[in-house]
Amino acid sequence: MDWWHGRPPSVARPPGKTTRESVMPIVTIQQGPRDTELKRDLVKRVTDAFVDAYGVPAESVQVWIHEVPADSWGAAGKLTADR
């Protein structure tokens, strides 16, 4: 099935042919833990940017936030928790 329209593959849109309604942007953000209000604002702003740039409906934009604890990532050879 063509998951975005529920059509069988035989009547699905040809490869490379997209329409505004078929675009479903998925944005992945990897970051350290943040307050829920900050994440709420971030999701709104990222969604608005895709609506403005691509002309897609806000409902089609998905924002996935992966929060990584400070003891699970590092930079410059050191754990972030040790900085």
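**Exercise 1. Determine how exposed K44 is, and find its charged partner.**

K44 has a relative accessible area of 48%, which makes this residue partly exposed, where buried means under 20% relative accessible area, exposed means over 50% and partly exposed lies in between, with a 1.4 Å probe and protein chains only. The model is predicted, so local features need pLDDT of at least 70 and side-chain atom pairs count only at pLDDT 80 or more, while totals for chains, interfaces and linings use all residues. Residues are numbered from 1 along each chain as its sequence is written, and side-chain values use heavy atoms, with hydrogens and water left out.

Next, look for the partner: the side chain of K44 meets that of D48 in a salt bridge, at 2.8 Å from N to O, a salt bridge being a side-chain nitrogen of Lys or Arg within 4 Å of a carboxyl oxygen of Asp or Glu. D48 is also partly exposed, at 30% relative accessibility. The two residues are four apart in helix α1, so about one helical turn separates D48 from K44.

**Exercise 2. Place helix α1 in the order of elements along the chain, and compare its span with the expected one.**

Begin with the whole protein chain, which has one helix and four strands; these are DSSP runs numbered from the N terminus, with helices (H or I) of at least four residues and strands (E) of at least two. From the N terminus the order is β-α-β-β-β.

Then take the helix itself: α1 covers residues 36-54, and its 19 residues reach 27 Å from the first C-alpha to the last, close to the 27 Å expected at 1.5 Å a residue. That expected span is 1.5 Å times one less than the number of residues.

Finally, consider what follows the helix: just after α1, G55 takes a positive phi of about 70°.

**Exercise 3. Work out which residues of α1 are buried, and what they pack against.**

The buried residues of α1 are K39, V46 and T47. Seen down the helix axis, they fall within an arc of 100°, so they line one face of α1; the arc is that of the directions from the axis to the C-beta atoms.

The packing partners of these buried residues are β1 (26-31) and β2 (62-67), with contact meaning heavy atoms within 4.5 Å. On the face turned away from the buried side, α1 carries the exposed residues L38, R45 and D52.

For the chain as a whole, buried residues make up 19% of the 83 residues. Among the contacts with a separation of 6 or more, residues 24 or more positions apart account for 49%.

**Exercise 4. Find how many salt bridges the whole structure holds, and describe those that involve R40 and R45.**

A search of the whole structure finds four salt bridges. In one of them the side chains of E37 and R40 meet at 2.3 Å, N to O; both residues lie in α1, three residues apart, about one turn of the helix. R40 is partly exposed, with a relative accessible area of 49%.

In another, R45 pairs with D41, and the closest N and O atoms are 2.9 Å apart. R45 and D41 are four residues apart in α1, so about one helical turn lies between them. Their exposure can then be compared with the cut-offs: R45 is exposed at 58% relative accessible area, whereas D41 is partly exposed at 37%.
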